[in-house]
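Trainee: I would like to learn how to read cavities, pockets, burial and ring pairs in a model. Could you take me through them one at a time?

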Amino acid sequence: MVPHPPLIIPEVGRGQEKEIQATIDAYHEAARRLAAWEPDTVVVLSPHSVMYADYFHISPGTGAEGDFGRFRAPHAKVRVTYDRELVRLICQEADRAEVPAGTAGEEDRRLDHGTMIPLWFLNQYDRDYQVVRIGLSGLPFAVHYRLGQCIQRAAGRSGKKIAVIASGDLSHRLTKDGPYGFQEEGPEYDRRIMDVMGSGAFGGLFDFSEEFCEKAAECGHRSFLIVAGALDCLEVKAERLSHEGPFGVGYGICIYEAGGPAPGRNFLRQWEKKEREALEERKRKEDPYVRLARQTVEAWVRGNAARTGKRTAVPEGLPEEMLARRAGVFVSLKEDGRLRGCIGTISPVRGSIAEEIMENAVSAACRDPRFYPVEPEELDRLVYSVDVLGKPEEVFSKEDLDVKRYGVIVSRGARRGLLLPNLEGVDTVEEQIDIARQKAGIPDDAEDIRLERFEVVRHF
């Protein structure tokens, strides 16, 4: 596990690298140790390689090169030869595991700095190795871990000695004068991730929410998950070499040496079991609003309704308020802590709240243009919430808004954007208005906007 600050390369840093000397010393130690293991192939996981939302790109071809020209050091170069056989085996294992990965979609053959920096250090001690370069994705954390498991199985089939480098900086929000400013989640991320990675207790990687990682502006979490998956069910000797953040960005270095089988270190299975138990407990506690949304989606996705286009009937036994009242309703779905769909109505268009929930639940699962339709195998992982909207009222000042209590509607002419209250990652009224404005397609500099607020009753 290593960072990739370009100034750590002497031709780039030109003296500035001395300010992260502890990281440089640890990098050399890690490179010496890796070289002593004499790997046949080094798999590099880089956040700055080709990245897709729903696919892991593995660099194709016989090799590639790159330089640090964009960092004013064009003469500092790295060249690699790709291990095409290991690439083939990883692709096979990924296909069997239904992990979307392959060599399609290359946009730029040149090596990225997230790949070059760790190899630059390794080249000081060893050059007799091939490389596999893999980019990250926007897929859930669990899928990154499963890709690591595929790398482990491919390595076993290859008969070669394989090393894996997880390239990634930690938080970029450690100080006010850092590149992204300060966020309290920044130092907290660095502390927690160094505890997890420094001890090899990789199950803790799943305890970081997507929202927390985004606020911390981390770079390498998904790289770390893949390397954890590559060490799944193996004894691991973990060693923390260094951590510092003098420029407002966290740099951590750890090394791991794999040992024999350790079935108890099956962190993904443990996390999935815990998630299943939590979801079952949530189902036992869900109220009629959420139960109706879940049952509607499950019937639609699993049954013939999606093919015939016929809605299921409103079930019996619902509370009178769901049948007698009308209101706007938003239904939200999350999977593995990430939004999976959210569709709603500001004002009621159906005859009852129950009908509104059923219509919007199907739309959230299958018609949200930001996501592909929910598949049957996802249903057991979905978490639902239902927001029943109160009547909107116009406001004339931001002081009349409260990001936790009120949702906001921003209008300009026929354009209208809505954002629900009390959402993770939305901490200020200004953020709330800006997001609603963007959803409506209203320019940032438009002043003739209309603001409305509304309260919701959230069911989850």
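What follows is a conversation about empty space, burial and aromatic rings.

Mentor: Gladly! This is a predicted model, so local features need pLDDT of at least 70, side-chain atom pairs count only at pLDDT 80 or more, and totals for chains, interfaces and linings use all residues. Residues are numbered from 1 along each chain as its sequence is written, and side-chain values use heavy atoms, with hydrogens and water left out.

Trainee: How many cavities does a search of the whole structure find?

Mentor: Rolling a probe the size of a water molecule over the atoms shows where empty space is left. On a 1 Å grid over the protein atoms alone, a cavity is a set of points where a 1.4 Å probe fits but cannot get out; a pocket is an open set with protein on both sides within 12 Å along at least five of seven lines; lining residues have an atom within 4 Å of a point. Points are joined across faces, edges and corners, and the volume is the space filled by probe spheres set on them. Here the search gives three cavities of 30 Å³ or more, and the largest has a volume of about 60 Å³.

Trainee: Which residues line the largest cavity?

Mentor: Among them are Leu 279, Arg 282, Glu 286, Arg 294 and Tyr 384. Helix H9 (267-285), helix H10 (288-302) and strand S12 (382-389) each supply at least two lining residues; helices (H or I, at least four residues) and strands (E, at least two) are DSSP runs, numbered from the N terminus. The lining has five nonpolar, no polar and four charged residues, where Ala, Val, Leu, Ile, Met, Phe, Trp, Tyr, Cys and Pro count as nonpolar, Asp, Glu, Lys and Arg as charged, and the others, Gly among them, as polar.

Trainee: And what lines the second largest pocket?

Mentor: That pocket holds about 770 Å³ of space. Its lining has 31 residues, of which Trp 37, Ile 162, Ala 163, Val 164 and Tyr 256 lie nearest its centre. By class there are 25 nonpolar, two polar and four charged residues. Helix H8 (221-230) is one of the elements that supply at least two of them.

Trainee: How many residues of H8 are buried?

Mentor: Buried means under 20% relative accessible area, exposed over 50%, and partly exposed in between (1.4 Å probe, protein chains only). In H8, ten of its ten residues are buried, including His 221 and Arg 222. Pro 5, in the segment before helix H1 (10-13), counts as buried because its relative accessibility is 4%. Beyond its neighbours within four places in sequence, Pro 5 is in contact (heavy atoms within 4.5 Å) with Ile 20, Ile 117, Asp 169 and Tyr 251.

Trainee: How many aromatic pairs are there?

Mentor: A pair of aromatic rings is described by the distance of the centres and the angle of the planes. Rings of Phe, Tyr and Trp (its six-membered ring) pair if their centres lie within 6.5 Å; planes under 30 degrees apart are stacked, over 60 edge-to-face, and the rest tilted. The whole structure has eleven pairs. Tyr 27 and Phe 121 are stacked, because their centres are 4.0 Å apart and their planes at 10°. Tyr 27 lies in helix H2 and Phe 121 in helix H4, so this pair ties together parts that are 94 residues apart in sequence. Both Tyr 27 and Phe 121 are buried.
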